[in-house]
Structure formats: structure tokens, C-alpha cells
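Thanks for making time this morning. I would like to walk you through one model, and I will begin with a single residue before turning to a helix pair and then to the contact between chains.

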Amino acid sequence: MRLESHLRARRDEGHKLLVPYVTGGLGAGWLDVVRAVADAGADAIEIGIPFSDPVMDGRTIQEASQRALELGATPAKIVAEAGQLEVEVPLVVMTYCNPVLHAGYARFAAELNAAGIDGAILPDLPLDEIGEWAEAADATGVETVLLAAPTTPDDRLRAICERSRGFVYGVSLLGVTGERDQVAHQAAEMGRRCKAVTDKPVLLGLGISTPAQAVEVAGFADGVIVGSALVRRLLDGGGPEAAREFVGSLREALDR
Amino acid sequence: MTAPSRGTPVRLDPVDAPEPTGLGRFGEFGGRFVPETLVPALEELEAEFRTAWSSDEFRAELADLLTNYAGRPTPVTECHRLSERLGLRVLLKREDLTHTGSHKINNVLGQALLTRRMGKQRVIAETGAGMHGVATATAAALFGLDCLVFMGAVDVERQAQNVFRMRLLGAEVVPVESGSATLKDAINEALRDWVATVETTHYCIGSVVGPHPYPWMVRQFQRIVGDEAREQCRVRLDGADPDYVLACVGGGSNAIGTFAGFIDLPNVRLIGVEAGGLGLATGKHGASVSRGVPGVLHGARSLFLQDEDGQILEAHSMSAGLDYPGVGPEHAELAAQGRADYVYATDDEAVAGLELLSVTEGIVPALEPAHAIGWLAREAGRSVPAGTTVLVTLSGRGDKDAAQVAERLTGEQLE
């Protein structure tokens with residue numbers, strides 16, 4: 001329960017939570033990027049394990065995934081490398097069902113646990129299909145974060161929040177990942193509905209692109225997840241320093 | 001409903017069809033592996049389909065459309081010269097004779113009616129060879145729906161005629177550049193669109209793939225192919241059934257629709273013919289049952305071509321409609337049970353099949369069913385014993401492939 005307890009503790013200290021996403025294996029320096037993101041004030045970090053067919057992702061993360069795969073990234077390598085990180089904050093992998101199923105649910109969960117990775121997000125494994133994986137993950141202590149969407153009806157939302165471990169990932173818009181000019185109108189309602197049925201940390205993610213947007217969306221829940229806006233900076237040639245600067249700007253805005 | 005003007009309206013689903021269990025499971029395959037955003041829409045679609053499928057009014061309307069718009073029932077044609085050549089008795093189920101030129105229209109008319117029932121104004125579709133895109137664009141025009149079709153950029157290139165047809169029918173065609181720029185990537189892009197537009201849009205999936213209820217629902221819409229063929233064969237064969245029933249398999253909708261009509265007849269051997277591409281040993285093929293392993297893609301657990309890390313591989317077939325690295329979950333289960341056998345024909349064998357049927361019967365098949373003809377030509381008198389009776393579903397006509405085949409056979413581009 002390290003992910004959830006850490007996020008709860010940070011929340012209870014009065015912080016808005018910040019969880020950035022970094023594509024694993026995106027260049028030789030990706031571990032340094034994760035370290036920089038941790039230093040810059042992340043409360044937990046999502047590590048993307050690239051998949052060939054990421055249907056929940058927009059152009060930026062598609063491109064990052066493709067590039068990482070071309071550079072030879074594999075699920076096993078990313079998990080093993082992440083195991084060397086020694087950062088203070090909890091790590092969560094985000095990937096799709098197939099690479100995990102292919103490795104074997106039990107084996108993959110054990111590998112995460114051995115690498116000191118606390119959680120997993122599998123966006124194409126919804127509540128109804130979670131059983132087999134959740135059994136393996138629960139047995140090793142890996143916390144499986146579930147997504148709640150604006151289209152999720154109330155009774156189902158309650159069940160999702162109940163089953164989610166670590167935090168609840170509220171999807172803040174209708175669509176896939178990627179930067180947006182404005183905060184979607186669904187974000188406020190999503191945050192309110194999740195907060196109404198759970199005491200677990202509720203983070204909103206998708207489309208959050210700027211410090212100002214992060215502040216706005218964090219106001220609807222306990223915090224935010226920021227992916228594409230950070231990954232785009234890496235694709236544009238930015239390294240650990242660019243990551244530190246951007247995540248630092250988010251942190252500062254959220255703490256202001 | 002207007003009175004049918006063309007013979008008796010077709011009958012839908014005359015016998016009980018096996019339903020998937022649980023959440024759309026065929027054995028261990030199937031399911032609903034999609035982002036949470038889509039789950040409620042799939043539940044709505046499943047409920048709507050269940051209600052509609054048991055409604056006399058819906059069935060009457062669909063039967064009327066299939067009869068008087070799509071031109072059903074399609075005939076079963078006895079192939080005298082081909083039979084003589086191969087030493088078999090070969091019958092063809094003529095889906096190439098439907099409106100729009102392939103079996104795809106059967107499914108699309110059903111889904112268009114459901115779209116209207118759900119009060120949605122917009123449909124999206126993926127397409128490989130373009131036949132499903134054309135069928136969807138056709139139904140959208142008929143029902144006054146907005147239509148967007150995702151098509152791999154490679155397929156846009158090799159199926160230019162179908163792209164033009166879709167645009168003529170008022171649909172927007174979006175070339176998809178990501179990944180292998182073929183059918184797999186078109187489905188990815190359609191799913192991404194749907195996640196953003198699900199409240200107002202119906203995703204009209206063209207094959208027996210995708211999350212529950214699609215593999216089951218599309219099979220129900222396509223089983224008219226097999227149900228008709230079973231009766232027609234009995235008339236032609238003095239009450240007997242064919243020994244073999246053959247169909248090509250990409251995602252597998254024409255095959256599953258055909259098989260559904262014969263599945264309860266244990267003496268009828270069901271054979272799905274996959275794309276062998278350049279040969280299985282080259283790794284450049286679309287033989288997902290023969291060479292795939294269990295995985296999850298596009299919402300379902302099934303068999304997929306993938307590498308040792310679970311990354312999906314690119315399929316290869318000169319036929320855009322079979323250029324898909326997976327197969328519908330019910331096929332994966334039929335293979336696991338041993339109820340159906342899955343074989344393959346290479347690109348070369350498919351072209352040979354296309355030429356053979358053209359010169360012996362005056363029927364130019366699409367490249368997809370030409371795989372079934374090509375396999376049969378190879379296996380006649382070998383694994384398919386001389387004198388046996390074989391029904392082949394001719395899922396579409398070859399017009400769309402004329403330019404591609406001409407270039408391959410003559411090395412010259414058609415004017």
C-alpha cells in the first residue's frame with residue numbers, strides 16, 4: 001500500500017498531488033529524466049512501457065512509444081532498469097494489457113514487485129476484465145489503479161473506486177491522451193463525482209498541458225497526472241533539465 | 001414496412017445460434033478489453049442489439065433491406081468447368097452479387113438500423129480493402145448519417161477505386177499513417193476517435209473482431225450467408241450437405257457467417273483460408289490462427305501475430321482485406337476445439353485462384369476469396385479427396401483489385 005499511503009500522506013499534509021508520466025526507454029538518458037522529475041517535486045511517477053498499438057494515446061505518446069521501441073525498449077528491460085532508480089517517490093507503470101498478458105500476469109506482477117515498482121495502470125483492462133490480473137497483482141502487493149471516465153454511470157463508478165488501489169485515475173475529458181488548449185468541461189464533474197464516493201486519492205489526467213491548467217484541474221480533485229506535455233519536451237530534444245524545469249513549474253504552481 | 005418486391009424476404013437466424021458466455025467469451029477468447037470510456041457504450045449496444053434481434057419489427061425491417069436493397073438471397077452457383085478441372089464438385093455462395101459487391105453490406109445494414117435506434121447521427125468505420133468502408137458509406141447515405149472511414153495510407157494507395165466510391169457516397173476518408181498504415185492501424189485510429197465521440201457516434205466494426213458484443217453481433221448479422229447456403233445446398237444436392245465449407249479469413253466475418261449455417265453438422269468440414277503472404281516461413285503473412293499466439297488487441301482476447309515481448313507484428317498480404325495480424329475470437333475458439341481447420345494460401349496462389357475462377361467460370365473474385373480458390377486448387381485430389389463436394393463463399397467481387405492484379409500479372413499499370 002505504499003503508493004496509496006504515500007499519496008494520502010502528501011494530500012493530508014495539504015499538498016495537491018502531481019504525477020508526471022515518462023515514456024520508459026525513450027533514449028539512453030530516460031532514467032535521468034525520471035530522477036529529475038522526482039527531484040522537481042513529483043509525488044509519484046508513471047513509467048510508460050511502450051506498446052505497438054496504444055489506442056488510449058494521442059500522437060505525442062504514440063510517437064514516443066514508437067521511438068522507444070525502435071531504440072530497443074522492451075517491458076523486461078524497462079522494469080529492470082527502473083529497479084535501479086532509487087528514487088524516493090513511488091513508481092507506477094502504465095502499459096497495455098497485451099505485453100503483460102504475454103509475459104504472464106503472475107510473472108509480470110512479480111517482476112514489478114522485485115523492481116520496487118508499486119503500481120500498475122492498464123487502460124484497456126477495465127473493471128470487468130481485471131480479475132485475473134488483479135489476483136496476481138494483489139498477491140504481490142502491486143497496486144492496480146483503475147480509470148473512471150466521464151461516461152461511467154454512478155453505480156459503476158462506485159465499484160471502480162472501490163476496486164482501485166493506490167489512487168483513482170479520473171479521466172478528465174472524452175478522448176485520448178494529448179495536450180489541449182483548454183481544460184475540458186468534463187473535468188470538474190469527474191473530480192466531484194469521484195470525490196463523492198471515495199476517500200482514496202483522486203487524480204485527474206488527460207489533456208493537462210500547462211501549470212495554469214494543472215492548478216485549475218487540481219482544484220476539482222486531489223491532484224493531476226501530466227503526460228503528453230512532458231513527453232513532447234523530451235521528443236523535442238529536451239533531457240533531464242527540461243523535464244526538471246517543466247515539472248518544477250507545475251509543482252510551484254500547485255504549491256502556490 | 002413496404003411489401004417485398006423481389007421474391008420472399010430472407011429469413012434471419014432460423015436456428016438457435018450458440019451465444020458467447022459471460023462477457024462475450026468464446027472459450028477463453030473474446031471479452032471486452034477497452035478503455036473505461038467505451039464500456040457504457042458497449043453495454044448500451046449489447047442491450048440494444050439483444051432487444052432488436054428479438055423484435056419482429058426490427059427483423060422485418062432488416063429482412064426487407066437485405067432483400068430489396070442488398071439483393072438477397074444471393075445464389076449458390078454450381079461451377080461445372082472448375083469442378084471438372086479440379087475433380088471436385090464446387091459450389092460458390094455468391095456474396096459478390098450483393099449491392100456494394102461483398103458480404104459486408106449484411107452487417108452494415110444491421111448496424112445502421114441499430115445506430116438509428118440508439119439515436120446516434122454519426123458512424124465511423126475502419127476499412128482494409130475498402131469494402132466495409134464502401135458498405136458503411138452506402139448505409140450512411142441510405143440512412144442520412146454522417147460517416148467517417150479510417151483507412152491505412154497503404155490501403156488508400158492500393159484501393160484507390162474504393163476510396164473514390166466512399167467519397168462519392170458522401171463519406172469522409174481519413175488515411176491513417178501510423179504503424180503499418182494498414183487495417184490494424186485503421187482500427188486503432190477508429191477506436192481513438194470513438195473514445196472522444198462515443199456519446200454521439202456509433203463505431204460500425206466490419207468484422208467479427210473487437211470487444212463484446214461485436215464478434216457475436218457481427219456474426220449474427222453475417223450468418224445469413226451460411227443459413228441461406230445450407231438450404232440452397234440441400235436443394236441442389238438432393239438433401240445432402242457439402243463435405244467441405246471454405247471461406248477466407250482476415251478478421252473472419254464472411255467465414256464465421258458461413259460456418260454458422262453448418263456448425264451443427266459434424267460431417268461438414270469447416271475450413272478457413274488465411275493469407276499466406278510470401279509464405280509462412282518468410283514471416284510475411286497474415287496467418288494469425290496458424291502462427292499467432294493468444295493476446296489482447298482491439299478489445300478482445302484472441303490469436304495475434306506478435307513478437308517475444310508482446311508487441312503486435314505487421315501482417316503481410318497483397319490482399320488488403322486479409323492484411324490483419326489477428327482473427328476474431330470465435331475463430332480462435334473453433335480452432336482450439338478443432339471444429340474448424342485453418343490453412344493458408346500465398347499471394348501467388350491467390351492470384352492463381354483469381355485467374356482460374358475467371359477463365360473457368362467467368363467470375364472474377366476479389367483477392368480475398370481468391371485465397372480460398374487458390375488453396376482448393378492446390379489441395380484438390382490431395383487433402384481434399386477427388387469427388388468431394390465443396391462450398392466456397394465468394395465474399396466479394398474482383399473489380400476493386402483489377403489495377404493491382406493487372407500490374408502484378410503484366411507489370412504495367414492500367415490506364
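**A glycine, a helix pair and an interface**

Gly205(A) has 24 C-beta neighbours inside 10 Å, and because the threshold for calling a residue buried is 20 or more, it counts as buried. I should say at once that this is a predicted model. Gly205(A) belongs to strand β7 of chain A, which covers residues 202-205. Its C-alpha atom is separated by 5.6 Å from that of Ser172(A), although the two residues are 33 apart along the chain. Once neighbours within four places in sequence are set aside, Gly205(A) is in contact with Ser172(A) and also with Tyr169(A), Val224(A), Ile225(A) and Gly227(A).

Let me move to chain B. There, the axes of helix α4 (residues 104-117) and helix α5 (residues 131-143) come within 9 Å and cross at roughly 40 degrees, and α4(B) and α5(B) are therefore oblique to each other. The crossing of α4(B) past α5(B) is right-handed. Among the residues that meet here are Ile105(B), Val108(B) and Leu109(B) from α4(B), and Ala135(B), Ala139(B) and Phe143(B) from α5(B). By class, this contact has eight nonpolar, three polar and two charged residues.

Finally, the two chains together. In chain A, 31 residues are in contact with 28 residues of chain B. On the chain A side, α3 (59-70), α5 (97-103) and β5 (143-148) each supply at least two residues, with α5(A) giving the most, namely six. That side of chain A has 19 nonpolar, eight polar and four charged residues.

Definitions and conventions
Residues numbered from 1 in each chain as written. Chains lettered and ligands numbered in written order. Predicted model: local features only at pLDDT ≥ 70, side-chain atom pairs only at ≥ 80, totals over all residues. Helix = DSSP H or I, 4+ residues; strand = E, 2+ residues; numbered from the N terminus. Buried ≥ 20, exposed ≤ 12 C-beta atoms within 10 Å, placed from the backbone. Contact = placed C-beta atoms within 7 Å. Axes fitted to C-alpha atoms, helices over the stretch in contact; angles between N-to-C directions. Parallel < 35°, antiparallel > 145°, perpendicular 65-115°, else oblique. Left-handed = near helix turned anticlockwise from the far one by under 90°. Nonpolar A, V, L, I, M, F, W, Y, C, P; charged D, E, K, R; others polar.
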